[in-house]
Amino acid sequence: MASSSNQGNLHNSCNRYSDLQVDSTANNNDFTVECARDDEVENFIEGFDDSFSSSSGLWIPKVDDNKVKPYSGQIFRDIETCFKFYAEYGRQGGFDIRKSSQKVRDGIVVYKYFVCSKGGNHETSMSKESDSNSDLSLVSSTAGVDVRRRRRTVTKKCQCEAKVQLKYGGFNQYIISCFVEGHNHPLASTSGKQFLRINRTISSLQRRFILDAAKSNIGAHRAHSLYKSIAGSYTDIGATATDFQNWVRDIKLYIGKHDADMLLQKFQNKRETSDAGFSYEYETDSDGHLTRLFWADIPGRQSYEVFGDVVSFDATYRTNKYGMVFVPFIGVDNHWKSVTFASALLNHEDSTNFTWVCEMFLKVFQQAPKCIITDQCPAMKVAINKIFPNSIHRYCMWHIMQKFTAKVGPVFCAESGFMEKLNKFVWSSHLTISEFEQGWNSVLDEFGLSEHVWLNEMYLMRESWIPAFFRDKPMGALLRTTSRSESSNFFFNHFVQRGDTLSEFYICYESAIEKQIYENKKLNDGDRCIPKTITEKEIEKEAAQLYTRTMFYKVQKQIKASCFHISLAGQPIVADGVSTYIVRDKTYDEKYFEVQFSFLTNNVDCSCKLFTRVGYLCRHCFYCLGLWGVERIPHQYLCSRWMRNAEDRFCKSKFSDVMESTNVQNIRDMSKKIYW
Ligand SMILES: [Zn+2]
Ligand SMILES: [Zn+2]
């Protein structure tokens, strides 16, 4: 009894798995299987109704249509038809049924029993397996060995005698030889019938809904209540939250067994259908386990062509149940938003893995970034020095600044005024190296922290993170801000979960990237409107036409400041076609800056180095251009990466047409067909 029940469970699972691959074969026989059932459902089913017959002391099912009621002598062409017939009778009458024992002679089933699901004595049958009262079911352990796991379910079997006995009548006929109508337990009430197993099946539409919900990190329970709000009521769903949950569990088991293979298969398909635009590399260990995986999709590769001057990579995301490290390669797009170029999953954070991943990056993208931002990881430093020797490598300031409270003391940081004073020297891009060094040391002296071990460590590596050392480095300021790290952290943390399988992880990843691309397109679209200007200057009007809205506001701020906050300090010095101005800036504590302007070439260069660091002109340059009546931004200062529709206009990648036409849909259709 128990073993047949377990086989049933396993059989059920197998059917469900085959459904995953081809929706059209949706299995409608779920109710044939004796499954563990939640208590709330059982309680709900047992409503009192008028089916009780006082003469027999039994409950007699009432059906809407008497034609569905079996009778002795009724003939069927096969066992399955009879089973479906009896199941429909149960559905209308308010009870679940299951297949029971059979007798076989010469390969032909001569007797077959269908019984009420409450038939049989649970305790007796289970005693063969266990001395406990709980239901057991076959579940595959992670080691691939089938183990018996207990479910927290109370059995409701009560030796109900209701049944149909089917006898082989020759000539491919089966005859009901015995029909027991009465049940020794209450039957499901009208409202309780929705919880009968036969009424609880998950449609292919619901399966898709659950998967879509999972992509957005919505669990089975919430998916169920969301589905309810769409369907109208719980009755209309036709499945309980537990059914939703069980289905998710089943799919996880299925995925778990083939996880890495499935992902690699999917990658292979993507590469084939994208005309090699999708790129991936991987390695496995001697046991065939995935150890490293690197991939770059078409949008990422296109973005890199335009926005690849600065790349940050970050190994702070632990992900999936194998504990692999997720390493996204991120840059900044023309709207000052994060854009993902490529990603990797690594089994360890060591220099061998990081070196491999940098090699793969270079192999795919062909060109090293100008500037690379990482957190302080010595293993990464080794890899970057080796593979990108000419790139500027900088530690992420945000990661370091975040550690201050923990290293120096939260109360001290909050109350002493130490952080305010130190921040002035740490964050400023307008200080020279010696100004920073003097400032840092004086603040540490003032607060008695000159001997602080960690602070001294940070000071020793100052060349790797302090802005004063990067003030004249190309695009050196792009990825250092708090807001960027926070937003990319939020972006990935939202989608990267522990405990996920690789396939699930990738589904979430794809969905996150799709969102990123969508946001970029939305912002591109918004750029069709030209923002308002606030000065009368032609140069501002031109900027409004050229830059993306986000970048225009940054440039506008500089132009506005050039009109109101900058003044000349002394007469210009003119030599060899170059005028040198000293200007005073009210917004920076009346600080002085030196601007050189060549009226032959329209070259303009300011000692604040804003253009070098971020790719647009500073207020001091705009001021001097204004003095010369220059009404257009000299073309050499129009960085294509900040322009409207930068990617469409400046990306020459041959993948663009492939991507935009049919293949995206093909890839999606294909992946859904094959796996989901
Ligand atoms: Zn019964
Ligand atoms: Zn300047």
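## A walk from helix H22 outwards

H20 passes H22 in a right-handed crossing. The residues that make this contact are Gln558, Ile559, Ala561 and Ser562 on the H20 side, and Arg619, Phe622, Tyr623 and Gly626 on the H22 side. Everything here comes from a predicted model, so please read each value as computed from that prediction. Two packed helices are described by the angle between their axes and the distance between the axes. For H20 and H22, the axes come within 8 Å and cross at roughly 60°. That angle makes H20 oblique to H22. If you look along the contact residues, a simple rule of helix geometry is handy: an α-helix has 3.6 residues a turn, so residues three or four places apart point the same way.

Let us stay with H22 for a moment. This helix covers residues 619–627, and 7 of its 9 residues are buried, so it is largely enclosed by the rest of the structure. The buried ones are Arg619, His620, Cys621, Phe622, Tyr623, Cys624 and Leu625. What do they pack against? Their partners are helix H19 (538–546), H20, and four strands that you can pick out in the viewer: E18 (566–568), E20 (578–585), E21 (591–598) and E22 (603–606). Just after H22, glycine 629 takes a positive phi of about 70°.

There is also an annotation to place on this region. UniProt, in an unreviewed entry, puts the feature "domain: SWIM-type" at residues 593–629. In the model, that stretch is 38% helix and 27% strand, and its end C-alpha atoms are 20 Å apart.

Two of the strands packed against H22 deserve a closer look. E21 and E22 pair in the antiparallel sense over 4 bridges, with serine 598 standing opposite asparagine 603 of E22. The two strands form a hairpin with 4 residues between them, where asparagine 602 takes a positive phi near 65°. Which residues of E22 are covered, and which are uncovered? Val604 and Cys606 make up the covered face, while Asn603 and Asp605 make up the uncovered one.

Following the chain past E22, you come to lysine 609, in the loop between E22 and helix H21 (610–614). Lysine 609 has a positive phi of about 65° although it is not a glycine. Is lysine 609 buried or exposed? It has 20 C-beta neighbours inside 10 Å, and because the cut-off for a buried residue is 20 or more, lysine 609 counts as buried.

Now go back to H20 and look at threonine 550, which lies in this helix (residues 549–564). Threonine 550 has 16 C-beta neighbours inside 10 Å and therefore counts as partly exposed. Setting aside neighbours within four places in sequence, threonine 550 is in contact with His335 and Trp336. The C-alpha atoms of threonine 550 and histidine 335 are separated by 5.5 Å, although the two residues are 215 apart along the chain.

The other contact partner, tryptophan 336, sits in the loop between strand E14 (324–332) and strand E15 (338–346). Tryptophan 336 has a positive phi of about 65° and is not a glycine. With 18 other C-beta atoms within 10 Å, tryptophan 336 is partly exposed.

Next, turn to an earlier part of the chain, where there is an open sheet of 5 strands in the order E3-E9-E8-E5-E4, with antiparallel pairing. Strands E3 (75–76) and E4 (97–105) stand at the edges with a single partner strand each, so one side of each has no neighbour in the sheet. Inside that order, E5 (residues 108–116) and E8 (residues 163–168) run antiparallel and are joined by 5 bridges. Tyrosine 111, for instance, has lysine 167 of E8 as its bridge partner.

Arginine 98 lies in the edge strand E4. With 24 C-beta neighbours inside 10 Å, arginine 98 counts as buried. The C-alpha atoms of arginine 98 and alanine 87, 11 residues apart along the chain, are separated by 8.4 Å.

Finally, step back to the whole chain. The protein chain has 24 helices and 22 strands, and buried residues make up 35% of its 676 residues. Among contacts with a separation of 6 or more, 61% join residues 24 or more positions apart. The contacts of threonine 550 with His335 and Trp336 make a good place to start exploring.

Definitions and conventions
Residues are numbered from 1 along each chain as its sequence is written. Chains are lettered from A and ligands numbered from 1 in the order in which they are written. This is a predicted model: local features need pLDDT of at least 70, side-chain atom pairs count only at pLDDT 80 or more; totals for chains, interfaces and linings use all residues. A residue is buried if 20 or more other C-beta atoms lie within 10 Å of its own, exposed if 12 or fewer, and partly exposed in between; C-beta atoms are placed from the backbone. Two residues are in contact if their C-beta atoms, placed from the backbone, lie within 7 Å. UniProt positions are given in the numbering used here, feature names are shortened, and annotations may be inferred rather than shown by experiment. Two strands pair if DSSP finds at least two bridges between them. Axes are lines fitted to C-alpha atoms, for helices over the stretch in contact, and angles run from 0 to 180 degrees between N-to-C directions. Angles under 35 degrees count as roughly parallel, over 145 as roughly antiparallel, 65 to 115 as roughly perpendicular and the rest as oblique. A crossing is left-handed if the near helix is turned anticlockwise from the far one by less than a right angle, and right-handed if clockwise.
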